[in-house]
Amino acid sequence: MTRLPRSKQILRADIAMRHSDEKWMAEAIKVGRQARVWSAPNPAVGCVIVRDDALLAAGFTHPTGQQHAEIHALSQIDDAVGATAYVTLEPCSHTGHTGPCVDALIGAGIVRVVLSCVDPDPRVAGKGVAKLESAGIDVTTGVLEAQAHDELKGFFLRLSRGWGRVTVKMAISADGRSAMASGESQWITGAAARADVQAWRAESDVILTGSGTVMADDCALTLRQCENRLSEADWQRALAKPTARAVVDSSATITHDAKVVSGDTPTFLFVRSDAQASTDMPSSVSYIPLDAQEKGVDLKAVFKLLGDKGANEILVEAGPTLVGALQQADLIDRWLIYMAPTMLGADARPAHAAVFKKLSDAPRYSVTGHELIGDDLRIIMRAAQDS
Ligand SMILES: NC(=O)c1ccc[n+]([C@@H]2O[C@H](COP(=O)([O-])OP(=O)(O)OC[C@H]3O[C@@H](n4cnc5c(N)ncnc54)[C@H](OP(=O)(O)O)[C@@H]3O)[C@@H](O)[C@H]2O)c1
């Protein structure tokens, strides 16, 4: 049998290792998705521990103060000596609510760590990699980096600009209308689309609406477990840490009997600092006063405050006034549009109230997904900062 020259043998070994690294990193990314429903303010990281191309354990981020993905994975096995850990984000090297993950990996006898993204958090930012390498661990970075970065987008945006990813959900007719002239909008889309929205709610850290929608619909904005792409286990995690609610309500018009302030889900009401706050709200409701501006409150300030509270993913479910203001201020990262096969007519309300004078002023997005959900078409469009 002819032997390959040594350089070609090395090349083949390299290609095989890259293949295997990508296969296991894809698995770590998939595992990390399970953390989306409860990890904020931490990122939804996934970790798999592998030896001899066999999976030993898989872990994902738990709520603040509990296990990070690496610790969750290591806690499931007695022996990780000689294994490789695949992690979607650089392991932490500092002591926060929990001890440093790099120490746990080193202590467990892991010999190789493969990463997708380096953590931009200044407390980590390369220090995790340096500590692993100084302990003699072989570290490879950048494997499936674009995919992992995409999964952790809200976290990365919050760290770089102060607030997380803003996704606007909207149910519209095929002629682009969001409600009848009377305000009636329940329901434009079918049951399957509404069940799909519940998964997006569960995977968001806060649902934001405007006082107009609260007045018109008396919506509760709570999580409703239903048949959708989330598993039973995902739902149990989501319900253990329900998505917070927020309303921009400049004049503090919402009263204690509104459904949006019922129950014990944390709820933030953004009001003008001179507005008269109600004194009989449940204890789960917090008023957040903001400086008055010409129209309502400063929406960037709202997002920054939600960022300070650790929201990586902000889901907006509002009417044309608030959505239009967000659009006009270029604050929308992603659209989640459910288009129903119906026409609501020329006097029905528009999707949003933003106005553009010229075609060249109208924003352009990239369509990154389209799928039929029941009878409705779900379209995902992303702005440049989210791509
Ligand atoms: N099809 C859908 O997907 C969908 C989704 C949600 C709602 N809707 C429908 O939309 C209708 C309600 O829409 P809407 O336009 O009246 O209400 P909205 O957009 O939900 O809320 C608008 C209110 O937000 C407050 N706000 C505070 N700061 C603001 C700012 N900087 N810019 C803009 N607004 C600010 C203002 O009230 P204050 O002055 O009190 O702060 C404003 O009136 C209802 O018919 C509802 O059924 C449809």
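**A ligand site and two open sheets**

The side chain of aspartate 217 places an N or O atom 2.9 Å from an oxygen atom of the ligand. The model in which this contact appears is a predicted one, and the ligand offers a convenient place to begin reading it. Two further contacts involve oxygen atoms of the ligand. Threonine 321 brings a polar side-chain atom to 2.5 Å from a ligand oxygen, whereas glycine 319 uses a polar backbone atom, at 3.0 Å from an oxygen of the ligand. On its own the ligand has 930 Å² of accessible area, and the protein covers 86% of it.

The surroundings of the ligand may be described residue by residue and then by element. There are 28 residues around the ligand, and Gly183, Ser185, Thr213, Ser250 and Thr321 come nearest. By character, the shell consists of 11 nonpolar, 12 polar and five charged residues. Four elements each supply at least two residues of this shell: the strands β6 (165-173) and β7 (177-179), and the helices α8 (211-217) and α11 (320-328). Helix α8 makes the greatest contribution, with five residues.

Strand β6, which helps to line the ligand site, also belongs to an open sheet of nine strands. The strand order in this sheet is β11-β10-β9-β8-β12-β6-β13-β16-β15, and the pairing is mixed. Its edges are formed by β11 (285-290) and β15, each of which pairs on one side only. From one strand to the next, the twist averages 20 degrees.

Both edges of the nine-stranded sheet can be followed in detail. At one of them, β10 (residues 267-272) runs parallel to β11 and is joined to it by six bridges; here leucine 269 stands opposite tyrosine 287 of β11. At the other, β15 (residues 366-373) and β16 (residues 376-382) pair in the antiparallel sense over seven bridges, with serine 366 of this pairing opposite arginine 382 in β16. Strands β15 and β16 form a hairpin with two residues between the strands, and glycine 374 in that hairpin takes a positive phi near 60 degrees.

Attention now turns to the N-terminal side of the chain. An unreviewed UniProt entry places the feature "domain: CMP/dCMP-type deaminase" at residues 19-140. In the model, that span is 29% helix and 23% strand, and its end C-alpha atoms lie 13 Å apart.

A second open sheet contains five strands in the order β2-β1-β3-β4-β5, again with mixed pairing. Strands β2 (54-60) and β5 (138-140) are the edge strands, pairing on one side only. The twist from strand to strand averages 20 degrees. Within the sheet, β3 (residues 84-89) and β4 (residues 112-117) run parallel and are joined by five bridges. Alanine 85 has valine 113 in β4 as its bridge partner.

Several loops carry backbone geometry that deserves inspection. Most residues other than glycine have a negative phi, and most peptide bonds are trans. Which form does the peptide bond from alanine 40 to proline 41 take? That bond is cis, with omega near 10 degrees, and proline 41 is found in the loop between α1 (6-32) and β1 (46-51). Another cis bond links glutamine 186 to tryptophan 187, with omega near 0 degrees. Tryptophan 187 occupies the loop between β7 and α7 (191-202), and β7 is one of the elements that contribute to the shell around the ligand. Leucine 144 is a non-glycine residue with a positive phi, near 50 degrees. Leucine 144 lies in the loop between β5 and α5 (145-151), and β5 is an edge strand of the five-stranded sheet.

Definitions and conventions. Residues numbered from 1 in each chain as written. Predicted model: local features only at pLDDT ≥ 70, side-chain atom pairs only at ≥ 80, totals over all residues. Heavy atoms only, no water. UniProt positions renumbered as here; feature names shortened; annotations may be inferred. Near = heavy atom within 4 Å. Polar contact = N/O pair within 3.5 Å; in protein donor to acceptor, adjacent residues only side chain to side chain. Areas by Shrake-Rupley, 256 points an atom, 1.4 Å probe, with all protein chains shown as cover. Nonpolar A, V, L, I, M, F, W, Y, C, P; charged D, E, K, R; others polar. Pairing = 2+ DSSP bridges. Axes fitted to C-alpha atoms, helices over the stretch in contact; angles between N-to-C directions.
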